[in-house]
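Hello,

Here is the structure I promised to pass on to you. Please open it next to this message, and my notes follow below.

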Amino acid sequence: MLLAETQVAQHIAFGVIAAIVVGGALLVVTTNNVVRAALYLVAVLAGVGASFLLLGAEFVGITQILVYIGAIVVLFLFGIMLTRAPIGSELRLTGRGWPAGLAVAIAIAGVLGYALIDQFGNDKLPPGSQQYTAQVSDSIFSTYLVPFEVVSVLLLAALVGAIVLARKE
Amino acid sequence: MLINEFLLLGAALFAIGVYGVLARRNGVMVLMSIELILNAVNINLVAFGALHQDVVGQVFALFVITVAAAEVGVGLAIVLLLYRNRQSIDLDEVDSMSG
């Protein structure tokens, strides 16, 4: 009884999250205002973070909020300000090639959707499929220690590279 | 929960991101669309991790988030440089290398 109620609640939560994510993403790629696009992006990223929580991936969900909404969206806003985008609507945001882009996107969605429904049909996630943060950290600091160090060097290189690129001569 | 709910959400987000990359002509907007694509990948990684009861999916999603942060930093520096040299971030005008 309790399990069934939890499942119904999960389905409702997922429906709300999916509507926010897909609707926000559509607004990000169609709106004519750069600053609003950044704010819609916040809604999409928060929805994706919530879906991580729904999958039982608490650490990834919190990292999503911290890194994406806390840092990357602020970077985007700085980029918008520094390139002096007008704060009203801009008519020239979408290029001439948009019908081709739409055709490619629909083709990708069709192929992916068909393949997923064909392959996974009604496969269910195992109940209680929570993987705890301790397991994630054990995995990162034992099996994936070398990739972890490589990623930190990559971050340092990107930091130095961004400063070198953006520095005034 | 069905695994397909999450996978189809990821597929929809991926397709929308691809449309944004192809259709947008503002450099910052193209970078935002790339973020949508990377988020779709992360949903898939975490969903498959939950399906196979394996923690590797989450570890890879964390790596993707890190690489995305580095990518946005460098990408915005490039867009800034483009603006400084051409007073515009319209990608349709960046065609000096087209034959």
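Gly97(A) sits in the loop between H3 and H4 of chain A. Please keep in mind throughout that this is a predicted model. Gly97(A) is partly exposed, because 14 other C-beta atoms lie within 10 Å, and a residue counts as buried only from 20 upwards. Leaving aside neighbours within four places in sequence, Gly97(A) is in contact with Leu22(B) and Ala23(B).

Next comes the helix pair H4(A) and H1(B). Helix H4 of chain A covers residues 98-120, and helix H1 of chain B covers residues 3-23. Their axes are 8 Å apart and the packing angle is about 165°. An angle over 145 degrees counts as roughly antiparallel, and H4(A) and H1(B) are therefore roughly antiparallel to each other. The crossing of H4(A) and H1(B) is right-handed. By class, the contact of these two helices has 23 nonpolar and 3 polar residues, with no charged residues.

A second pair to look at is helix H6 of chain A (residues 145-166) with helix H3 of chain B (residues 56-86). Here the axes come within 9 Å and cross at roughly 10°. H6(A) and H3(B) are therefore roughly parallel to each other. From H6(A), the residues in the contact include Pro147(A), Val151(A), Leu154(A), Leu155(A) and Ala158(A). On the side of H3(B), Phe63(B), Thr66(B), Val67(B), Ala70(B) and Gly73(B) are among them. Sorted by class, the contact of H6(A) with H3(B) has 17 nonpolar, 3 polar and no charged residues.

The third pair is H2(A) with H2(B). Helix H2 of chain A (residues 34-54) packs with H2(B) at an angle of about 5°, and the axes are 11 Å apart. H2(A) and H2(B) are therefore roughly parallel to each other. H2(A) brings Val34(A), Ala37(A), Leu41(A), Val44(A), Leu45(A), Val48(A), Ser51(A) and Phe52(A) to the contact. Among the residues from H2(B) are Val28(B), Met29(B), Glu35(B) and Asn39(B). The residues of this contact divide into 13 nonpolar, 3 polar and 1 charged.

Asn39(B) deserves a closer look, and it lies in helix H2 of chain B. Is Asn39(B) buried or exposed? Asn39(B) is buried, because 29 other C-beta atoms lie within 10 Å. Not counting residues up to four places away in sequence, Asn39(B) touches Leu45(A), Val48(A) and Leu13(B). Asn39(B) and Leu82(B) are 43 residues apart in sequence, and their C-alpha atoms are 26 Å apart in space.

Ala50(B) is also placed in helix H2 of chain B. Ala50(B) counts as buried, because it has 24 C-beta neighbours inside 10 Å. The C-alpha atoms of Ala50(B) and Tyr19(B) are separated by 29 Å, and the two residues are 31 residues apart along the chain.

After helix H2 of chain B, have a look at Gln53(B), which is found in the loop between H2 and H3 of chain B. What is the phi of Gln53(B)? Gln53(B) has a positive phi of about 55°, although it is not a glycine. Most residues other than glycine have a negative phi. Gln53(B) is partly exposed, because 13 other C-beta atoms lie within 10 Å.

Back in chain A, Gly79(A) has its place in helix H3 (residues 58-82). With 24 C-beta neighbours inside 10 Å, Gly79(A) counts as buried. Leaving out residues up to four places away in sequence, Gly79(A) touches Val28(B), Leu76(B), Val79(B) and Leu80(B).

Now for the contact between the chains as a whole. It takes 73 residues from chain A and 63 residues from chain B. On the side of chain B that touches chain A, the elements giving two or more residues are H1, helix H2 (27-51) and H3 of chain B. The largest share of that side, 21 residues, comes from H3(B). By class, the side of chain B that touches chain A has 46 nonpolar, 11 polar and 6 charged residues.

One last point concerns the domains. Chain A is divided into domain 1 (1-90) and domain 2 (132-169). Taken over C-alpha atoms, the centres of these two domains of chain A are separated by 24 Å.

Best wishes

Definitions and conventions
Residues are numbered from 1 along each chain as its sequence is written. Chains are lettered from A and ligands numbered from 1 in the order in which they are written. This is a predicted model: local features need pLDDT of at least 70, side-chain atom pairs count only at pLDDT 80 or more; totals for chains, interfaces and linings use all residues. Axes are lines fitted to C-alpha atoms, for helices over the stretch in contact, and angles run from 0 to 180 degrees between N-to-C directions. Helices (H or I, at least four residues) and strands (E, at least two) are DSSP runs, numbered from the N terminus. Angles under 35 degrees count as roughly parallel, over 145 as roughly antiparallel, 65 to 115 as roughly perpendicular and the rest as oblique. A crossing is left-handed if the near helix is turned anticlockwise from the far one by less than a right angle, and right-handed if clockwise. Ala, Val, Leu, Ile, Met, Phe, Trp, Tyr, Cys and Pro count as nonpolar, Asp, Glu, Lys and Arg as charged, and the others, Gly among them, as polar. Two residues are in contact if their C-beta atoms, placed from the backbone, lie within 7 Å. A residue is buried if 20 or more other C-beta atoms lie within 10 Å of its own, exposed if 12 or fewer, and partly exposed in between; C-beta atoms are placed from the backbone. Domain bounds come from an automatic or database domain assignment.
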